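Trainee: I should like to learn how to read the features of a protein model. May we go through one together, step by step?

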Amino acid sequence: MLEKTIILKSFDDVRNFVNLANTVEYDIELVSGKYTVNAKSIMGVFSLDLTKPMTMIAHCELAASLAKKIEPFLVEGK
């Protein structure tokens, strides 16, 4: 499992992140406060408060590849 704090600052960030999430076979969730949504659902992601950082949880064994792909979305220092 890979857990990272990310932020999606723009519509393009959301679109790019959802597209990235849809390229993998395993589940990815975004957690913001008490809400958890499927990161592969653009409507789900837009239902979150995008002004604040959120936690991405990827349910995978080998996370190195995904960790590299999500670097543009990472919150610095987390």
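Mentor: Let us begin with a term. A residue is called buried when its relative accessible area is under 20%, and exposed when that area is over 50%; between these limits it is partly exposed. Please keep in mind that this is a predicted model.

Trainee: How do the side chains alternate along strand 2, and which of them are buried?

Mentor: I28, L30 and S32 point to one face of strand 2 and are buried. E29 and V31 point to the other face and are not buried.

Trainee: With which strands does strand 2 pair, and in what sense?

Mentor: Strand 2, residues 28-32, pairs with strand 4 in the antiparallel sense over four bridges. Strand 2 also pairs in the antiparallel sense with strand 3, residues 35-38, over four bridges. The residue L30 illustrates both pairings: L30 stands opposite M56 in strand 4, and its bridge partner in strand 3 is V37. On the other face of strand 2, E29 stands opposite I57 in strand 4.

Trainee: What is found between strand 2 and strand 3?

Mentor: These strands form a hairpin with two residues between them, and there G33 takes a positive phi near 65 degrees.

Trainee: Why is strand 4 described as largely enclosed?

Mentor: Strand 4 covers residues 54-58, and four of these five residues are buried, so the strand is largely enclosed by the rest of the structure. Besides its pairing with strand 2, strand 4 pairs with strand 1, residues 2-6, in the antiparallel sense over five bridges. Within that pairing, K4 stands opposite M56.

Trainee: How should one read a nonpolar core?

Mentor: The general idea is that, in soluble globular proteins, nonpolar side chains tend to be buried together. In this model the largest nonpolar core has 23 residues, of which L8, F17, L30 and M56 touch the most other members. The elements that give two or more residues to this core are strand 1, helix 1, strand 2 and strand 4. Helix 1 supplies the largest share, five residues.

Trainee: Which residues does L8 touch, leaving aside those up to four places away in sequence?

Mentor: L8 touches D13, V14, F17, L30, V45, L50, M54 and F73.

Trainee: Which residues form a nonpolar patch on the surface?

Mentor: The patch is formed by F11, I42, M43 and F46, with about 420 Å² of accessible area together. Helix 2, residues 42-46, gives the most to this patch, with three residues, while F11 lies in helix 1.

Trainee: How should one read the charged side chains?

Mentor: Side chains of opposite charge can pair when their charged atoms come close. The cut-off for a salt bridge is a nitrogen of Lys or Arg within 4 Å of a carboxyl oxygen of Asp or Glu. By this rule the count comes to three salt bridges.

Trainee: Where are these salt bridges, and what are their distances from N to O?

Mentor: D12 and R15 meet at 2.6 Å. Because they are three residues apart in helix 1, about one helical turn separates them. D49 and K52 meet at 3.8 Å, and E71 and K68 meet at 3.9 Å.

Trainee: Is K68 buried or exposed, and what of E71?

Mentor: K68 is exposed, with a relative accessible area of 58%, whereas E71 is partly exposed at 44%. D12, at 39%, also counts as partly exposed, and R15 is partly exposed at 34%.

Methods: Residues are numbered from 1 along each chain as its sequence is written. This is a predicted model: local features need pLDDT of at least 70, side-chain atom pairs count only at pLDDT 80 or more; totals for chains, interfaces and linings use all residues. Side-chain values use heavy atoms; hydrogens and water are left out. Buried means under 20% relative accessible area, exposed over 50%, partly exposed in between (1.4 Å probe, protein chains only). Two strands pair if DSSP finds at least two bridges between them. A nonpolar core is a set of buried Ala, Val, Leu, Ile, Met, Phe, Trp, Tyr and Cys residues joined through side-chain atoms within 4.5 Å. Contact means heavy atoms within 4.5 Å. Patches are made of residues with over 30% relative accessible area and no salt bridge: like charges are joined within 9 Å, nonpolar side chains (Val, Leu, Ile, Met, Phe, Trp, Tyr) within 5 Å. Accessible areas come from the Shrake-Rupley method with a 1.4 Å probe; for residues, only the protein chains shown count as cover. A salt bridge is a side-chain nitrogen of Lys or Arg within 4 Å of a carboxyl oxygen of Asp or Glu.
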